Number of protein chains: 2
Amino acid sequence: MASMAGVAAAVGNQLKRPARLQRSIAMADDAVISYVKAHEQENLTELFEFLRIPSVSAQPAKHGKDIERAASMLASMMRSAGVENVELVKTPGNAIVYGDWLHAGPNAPTVLLYGHYDVQPPEPLDLWTTPAFEPTLRDGRIYARGSTDDKGQVHAQIKAIEAHLKTTGKLPINVKFFYEGEEEVGSKNLDEAIEAHKQRLACDVVLISDTAQKGENDPAITYSLRGLIYFQVDVTGPNSDLHSGTWGGALANPNEALVQALAKVKDAKTGKVKIPGFYDNVKVTPAERAALKKSGMSEAALKKAMGITALWGEKGYTGSERTTLRPTFEINGIYGGYQGDGAKTVIPSHAHAKVSMRLVAGQDASKIQKNFVKFLKTQFLPGVDVKVTQLSQGYGAKVPLDHPAVQAAARALQQAYGKKPYYLAEGGSIPVVATFQKVLGVDTVLMGFGGHDENAHAPNEFFRVANYHRGTQAVARFFSEVAKERL
Amino acid sequence: MASMAGVAAAVGNQLKRPARLQRSIAMADDAVISYVKAHEQENLTELFEFLRIPSVSAQPAKHGKDIERAASMLASMMRSAGVENVELVKTPGNAIVYGDWLHAGPNAPTVLLYGHYDVQPPEPLDLWTTPAFEPTLRDGRIYARGSTDDKGQVHAQIKAIEAHLKTTGKLPINVKFFYEGEEEVGSKNLDEAIEAHKQRLACDVVLISDTAQKGENDPAITYSLRGLIYFQVDVTGPNSDLHSGTWGGALANPNEALVQALAKVKDAKTGKVKIPGFYDNVKVTPAERAALKKSGMSEAALKKAMGITALWGEKGYTGSERTTLRPTFEINGIYGGYQGDGAKTVIPSHAHAKVSMRLVAGQDASKIQKNFVKFLKTQFLPGVDVKVTQLSQGYGAKVPLDHPAVQAAARALQQAYGKKPYYLAEGGSIPVVATFQKVLGVDTVLMGFGGHDENAHAPNEFFRVANYHRGTQAVARFFSEVAKERL
């Protein structure tokens, strides 16, 4: 975490512009914000249309066409906003939606906007109060899959651009858009696309709106993200499901073999992950712990939010630390044998699990992946075959708090929300942040408008209407504020 | 296992009847067997009709009506065969089909026939070569759910009765029928029904045809059965599915909690079940081990049959011993979190397992049930709620080998198959055997015609046509043979 001295120094980067120009920008800003406010209902209607498209990237057989529809609609919304050179960039998977507006002049900074138009699967469907893909306004919230993650936030970015272009006919900065459709399935074609379009994507900073605020009315900038590696584990035992009476006792039941192996990955007493080298280069500084104590959720708040009576995890760290600054291992799914009503006395032929690890800055995702596969395979009982397939890989990342664009975002949020933002360490993953650092050599401002309670990957996902509108204003103001900085 | 001296002594029980009566019985038997042989095609056609009814007791919402249809059809087949007083006996669950024929005189023995008309769920459907409820004759096998377990064997019993009554107009013994419709869901109303109808069910011995032969052409009598206790385990964690990035690390994931707890039930090194008192009164004698070495499958045969490269289980016992004379713990089903295509980064709100134990004669099912629930509940990580529901309970049982009815069955099998039967210890459960011993005070002859390879609880269940026909003959001959014994 950047020191306060660093932050103070960063303010010195702000350009001293002539007073008349400053006034002119301020007047233009007023018009832009007025435009946003006047179009709130219209924006919401268009967002609802966008949310109705079930662009579930994890289910290509069922939703491949919906992914295409979502990309097309995104492109046409960008064109309507005044974005130029809008194009669906082909990848081996889902298209990336590119666009730009580059008439702010060579001295103005260039901001790359990244987001994603794909969404998580909606299952289990019966837990939704209203259908996942029929957006519903209830208690000031937009209920729909993708509302907060990430279609609502992407839409706020576009509407911010539109507000500038429709009122002043220009933007104070150059912008480029790069919206992908595979974020929820590990962005498997993204790194290659960024590498391939490296020149076209050249920029000074990236802006992503796919993170959460500190609270309903407390804006935030996220400075730390966890990476993600995700695996499918397939265990094969006997050549057919077997009668557990006839055969039980003779062989390692694939369910039993899977349970025994997975139980070895984490120490049930200490909560430590036992994969060799897992904690190499994982460092949590006293300064980070102190900052997190201020911005993070208390143990009581965590318990209340999740509706559980006790927290559990890695010994020696608080709940907030374990969800942000510490890596984890989770069993996201497990399935084998009979799942129907009543009893079936079967030993299944197969058993499966989906497991993932959240990694922090410093951890080598490639090395940990190798160590995990090697470690896990040795934990199985005899007589079963095990296949481990990697489904995604992304590194963790940290962004310097004293970056001038971060400070521009802080001012924009203060203007839009009337209060200073918090600086957050986030437990989730936006692996592209590490890629942008590596390939384009630029940092990313993570200015998001979601909430941790908004069920991003669960039934009844929602996005607060007020933050959708304030977010649109904040992005619009960010363009003006970042124009004042030397990047 | 009864000693050979005991078996020899048992032969002495056979009644010395006048030679003329002996000849008359023999001539009648020839007519009965000729009748069975002449009606093979007709019997098969009727059995197919019976198998078409998807009487899946584990899925009452879907198949409740089919259960009723199967009971009705069974009753009318019994009536057509000449059985009297046929009646659907109501229970709080599925009806029991009762019937009798009691005109053999007070000195003739009374045999109670038990079987079940309900079947296992057919899932997973896509693994069936031909539909589960469209019986198909292929390679001398009847492929259908319920063909071998137990509709085909029940049908053989009825056709054996019919052969006697249609040729001689009488039976050499008195018979009573007691066919239930909840065997595959733990016979939860059976014990109470037997208790309630204790007087009506009074008999000298029970005959059950729901076990396997030693081999395709090797008949067998089963003398040892395992009991079964079956549980549903439901784990509840957070109040909603959670994003594993946002919340991962703070809480015990229900999947993880379930895996850690289940892993503690069995020792991964020794294969021993760690529930306190689990092995109390479990005894395997050197004589039993020696007998099993002769009749049981070899390690190589077990591996080949299951298609696995290595056996695994309780240290110190052979594969055959572990599947018959030793108790086991199995995870029959496990499920929690995401199971679809690709990746979903979720921490589920719930996780579930279906687990069961096979118990041997001597083990106290009630005590083990209590100990298991108590033991399991203490193995869970903090912050999750655990509910353990017992779905069925049955004790293991052994039947004396020197019982005269067992010896009558041995002669009947030798006549039908042309060779002496093996005496088998069976890994599966027919808990009613223990109930008959307890409530009616009688032993049970387990003379079954199935095969261990016939996928009783798996896709592509089948029953060998030749054994269906020979089984019908063996039951018909058993009635004549048991009539010669003092019971």
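User: In this predicted model, does Asn281(A) count as buried or exposed, given its C-beta neighbours inside 10 Å?
Analyst: Asn281(A) lies in the loop between α8 and α9 (286-295) of chain A. Its phi is positive, about 65 degrees, although the residue is not a glycine. A residue is exposed if 12 or fewer other C-beta atoms lie within 10 Å of its own. Asn281(A) has 11 such neighbours and therefore counts as exposed.

User: Does Ser187(B) count as buried or exposed?
Analyst: Ser187(B) is placed in the loop between β6 (174-180) and α6 (190-196) of chain B. This residue, too, is not a glycine and has a positive phi, of about 50 degrees. The threshold for burial is 20 or more other C-beta atoms within 10 Å. With 26 C-beta neighbours inside that distance, Ser187(B) counts as buried.

User: How many of the residues of helix α8 (residues 254-263) of chain A are buried?
Analyst: The buried residues of α8(A) include Pro254(A), Asn255(A), Glu256(A) and Gln260(A), as well as Leu258(A), Val259(A) and Leu262(A). The helix is largely enclosed by the rest of the structure, because the buried residues number 10 of the 10.

User: Which elements of chain B are included in what covers the buried residues of α8(A)?
Analyst: Part of the cover comes from chain A, including β9 (227-236), β11 (328-337), β13 (350-359) and α12 (365-377). Chain B also takes part in covering these residues. The elements of chain B included are α8 (254-263) and β11 (328-337).

User: Within what arc do the buried residues of α3(B) fall, seen down the helix axis?
Analyst: Helix α3 (residues 40-51) of chain B has 12 residues and reaches 16 Å from its first C-alpha to its last, close to the 16 Å expected at 1.5 Å a residue. Its buried residues are Leu47(B), Phe50(B) and Leu51(B). They line one face of the helix, because they fall within an arc of 90 degrees.

User: Which exposed residues are carried by the face of α3(B) turned away from its buried side?
Analyst: The buried residues of α3(B) pack against α4 (60-81) and α5 (147-168) of chain B. The face turned away from this buried side carries the exposed residues Gln41(B), Glu42(B), Thr45(B) and Glu49(B).

User: Which strands of chain A stand at the edges of the sheet β4-β5-β18?
Analyst: The open sheet has 3 strands in the order β4-β5-β18 (chain A), with antiparallel pairing. An edge strand has a single partner strand, so one side of it is left without a neighbour in the sheet. The strands in this position are β4 (136-138) and β18 (462-464) of chain A.

User: Which residue of β18(A) stands opposite Ile142(A)?
Analyst: Strand β5 (residues 141-143) of chain A runs antiparallel to β18(A), and 3 bridges join them. In this pairing, the residue of β18(A) opposite Ile142(A) is Phe463(A).

User: At about what angle to β18(A) does helix α15 (residues 465-482) of chain A run?
Analyst: Helix α5 (residues 147-168) of chain A lies across β5 and β18 of chain A, running at about 50 degrees to β18(A). Helix α15 of chain A lies across β5 and β18 of that chain as well. Its direction relative to β18(A) is about 60 degrees.

User: What is the bridge partner of Tyr143(B) in β18(B)?
Analyst: In chain B, an open sheet of 3 strands has the order β4-β5-β18 with antiparallel pairing. Strand β5 (residues 141-143) of chain B is joined to β18(B) by 3 bridges. The partner of Tyr143(B) is Phe462(B).

User: About what omega does the cis peptide bond between Asp149(B) and Asp150(B) have?
Analyst: Most peptide bonds are trans. One cis bond joins Glu123(B) and Pro124(B), with omega about 0 degrees, and Pro124(B) lies in the loop between β3 (110-116) and β4 of chain B. Asp150(B), by contrast, is found in helix α5 of chain B. The cis bond joining Asp149(B) to Asp150(B) has an omega of about 5 degrees.

User: Which residues have the most contacts inside the largest nonpolar core?
Analyst: This core has 298 residues. Leaving aside neighbours within four places in sequence, Ala409(B) is in contact with Ile221(B), Val445(B), Met447(B) and Phe478(B). The residues with the most contacts inside the core are Ala409(A) and Ala409(B).

Note on methods
Residues are numbered from 1 along each chain as its sequence is written. Chains are lettered from A and ligands numbered from 1 in the order in which they are written. This is a predicted model: local features need pLDDT of at least 70, side-chain atom pairs count only at pLDDT 80 or more; totals for chains, interfaces and linings use all residues. A nonpolar core is a set of buried Ala, Val, Leu, Ile, Met, Phe, Trp, Tyr and Cys residues joined through C-beta atoms within 7 Å. Two residues are in contact if their C-beta atoms, placed from the backbone, lie within 7 Å. Helices (H or I, at least four residues) and strands (E, at least two) are DSSP runs, numbered from the N terminus. The expected span of a helix is 1.5 Å times one less than its number of residues. The arc is that of the directions from the helix axis to the C-beta atoms. Two strands pair if DSSP finds at least two bridges between them. Axes are lines fitted to C-alpha atoms, for helices over the stretch in contact, and angles run from 0 to 180 degrees between N-to-C directions.
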